[in-house]
Amino acid sequence: MNLQVILGNFALILFILMVVTGVIWFLDVFYLAKQRRAAADRALAEYDARNAKLTADGIKVDNQGNRAAIEAGLLRQPTWIEYSGSFFPVIALVFFLRSFLYEPFKIPSSSMVPTLLVGDLILVNKFTYGIRLPVINQKIIQINDPQRGDVMVFKYPQDMSQDYIKRVIGVPGDKITYENKRLTVNGVEVKYTALDDYLDDEHLVYNKQYTENLTGVSHRILNNEAAPTLNLEGVKQFPYSENCTYRYEGFTCVVPAGNYFMMGDNRDNSADSRYWGFVPDKNIVGKAFFVWLNLGSWRRIGTIH
């Protein structure tokens, strides 16, 4: 694991911080605090013995304030221990929430327009596809499998430091055909309903907009009529590439076991499984289900379809 992967893995950074602050906190509770208490008791015993001798010699001593100050000073936590103890429960809570329940993401590109816009802040359900160990992303409890039409976050197969978000088009065993910008799944043509053209604010052009009914899951997609169905020059080598047949009009792929075929809703502005291949189950991060904020438009808040 190189430095770039480590720096790009926020879960790993959180885990390291949690372990470091946790070790310091436990060390302080079960050892260092007792050492400070013992040192304070010795110092106070010496202080009391000295004052008792002075009193016996007839010297009046007012020691209550000094004694309390000495005790407080000796019991005070060093700054680095105090901060570690304060941060540990917060870091542990954040680590647990984002590792096992929900993780926030920000949409960086327009590949999922019109479903998701650049700048959308979304929540991803981390447990719906199974409980996974943090950092190594190893599944330990199976719950549900991804279904066609799900919007899913995953680790980009060709660079595990990057998180991608696309829609599940094919599940293991599916035969996916994409010709003339129309999908066929297991020999059944996907139904499309034309909608009003969609204005692309980024490029100031209108794209054709359709409702795509992907085996019962309806969602909107965009097509750019000026773009080809497939850019063959952009197709890379990837595992199980022998499962795919490419041609100018499109392609046909059979999804291998334990893998998924992903595509962006902005079909002609998305680098997805058409170009870099299948997504293994081990790369799955979770299911996107809610837009909780977009600073450019409060109307964006709501569920993801």
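Which strands each supply at least two residues of the lining of the second largest pocket? In this predicted model, the strands are β1 (102-106) and β6 (163-170). Let's start with that pocket and then visit four residues one by one.

**The second largest pocket**

The volume of this pocket is about 250 Å³. Its lining is made up of 14 residues, and those closest to the centre are K106, P108, D163, Y164 and I165. Of the strands, β6 is the one to look at with care, as β6 gives the most to the lining, with four residues. Sorted by class, the lining of the second largest pocket holds nine nonpolar residues, along with two polar and three charged ones.

**What the record adds**

Two kinds of annotation are worth placing on the structure. The unreviewed UniProt entry annotates a "transmembrane region" at residues 6-27 and 80-101. In the model, residues 80-101 are 100% helix and 0% strand, and the C-alpha atoms at the two ends lie 31 Å apart. The unreviewed UniProt entry also carries the annotation "domain: Peptidase S26", covering residues 81-292. Over residues 81-292 the chain is 12% helix and 43% strand, with 36 Å between the end C-alpha atoms.

**Four residues side by side**

Here is where each residue sits and how much of its area is accessible.

| Residue | Place | Relative accessible area |
|---|---|---|
| E212 | strand β11 (residues 205-214) | 0%, buried |
| N223 | strand β12 (residues 217-223) | 4%, buried |
| G119 | loop between β1 and β2 (121-125) | 18%, buried |
| I141 | strand β4 (residues 139-141) | 44%, partly exposed |

**E212 and N223**

E212 is a good place to zoom in. Its side chain makes a polar contact of 2.8 Å with the side chain of Y192, and a polar contact of 2.8 Å also joins the side chains of E212 and R267. Leaving aside neighbours within four places in sequence, E212 is in contact with L183, V190, K191, Y192, V217, S218, H219, I221 and R267.

Why does E212 count as buried? Its relative accessible area is 0%, and buried means under 20%, so E212 falls in that class.

N223 has its own set of partners. With neighbours within four places in sequence left aside, N223 is in contact with Y178, K181, R182, N207, K208, Y210, R267 and D268. R267 is thus a name to look for twice, as it appears among the contacts of E212 and among those of N223.

**G119 and I141**

G119 brings us back towards the pocket. Not counting residues up to four places away in sequence, G119 touches K106, I107, L293 and N294. K106 is also one of the residues closest to the centre of the second largest pocket. Along the chain, G119 and V285 are 166 residues apart, and their C-alpha atoms are separated by 20 Å. Because its relative accessibility is 18%, G119 counts as buried, the cut-off being under 20%.

Is I141 buried, exposed or in between? I141 is partly exposed, because its relative accessible area of 44% lies between the limits of 20% and 50%. Not counting residues up to four places away in sequence, I141 touches G130 and I131. The C-alpha atoms of I141 and G130 are 5.4 Å apart, while eleven residues separate the two positions in sequence.

Technical notes:
Residues numbered from 1 in each chain as written. Predicted model: local features only at pLDDT ≥ 70, side-chain atom pairs only at ≥ 80, totals over all residues. Heavy atoms only, no water. Buried < 20%, exposed > 50% of the residue type's maximum accessible area, 1.4 Å probe, protein only. Polar contact = N/O pair within 3.5 Å; in protein donor to acceptor, adjacent residues only side chain to side chain. Contact = heavy atoms within 4.5 Å. UniProt positions renumbered as here; feature names shortened; annotations may be inferred. 1 Å grid on protein atoms, 1.4 Å probe; cavity = no way out; pocket = protein on both sides within 12 Å on 5 of 7 lines; lining within 4 Å. Points joined across faces, edges and corners; volume = space filled by probe spheres on them. Nonpolar A, V, L, I, M, F, W, Y, C, P; charged D, E, K, R; others polar.
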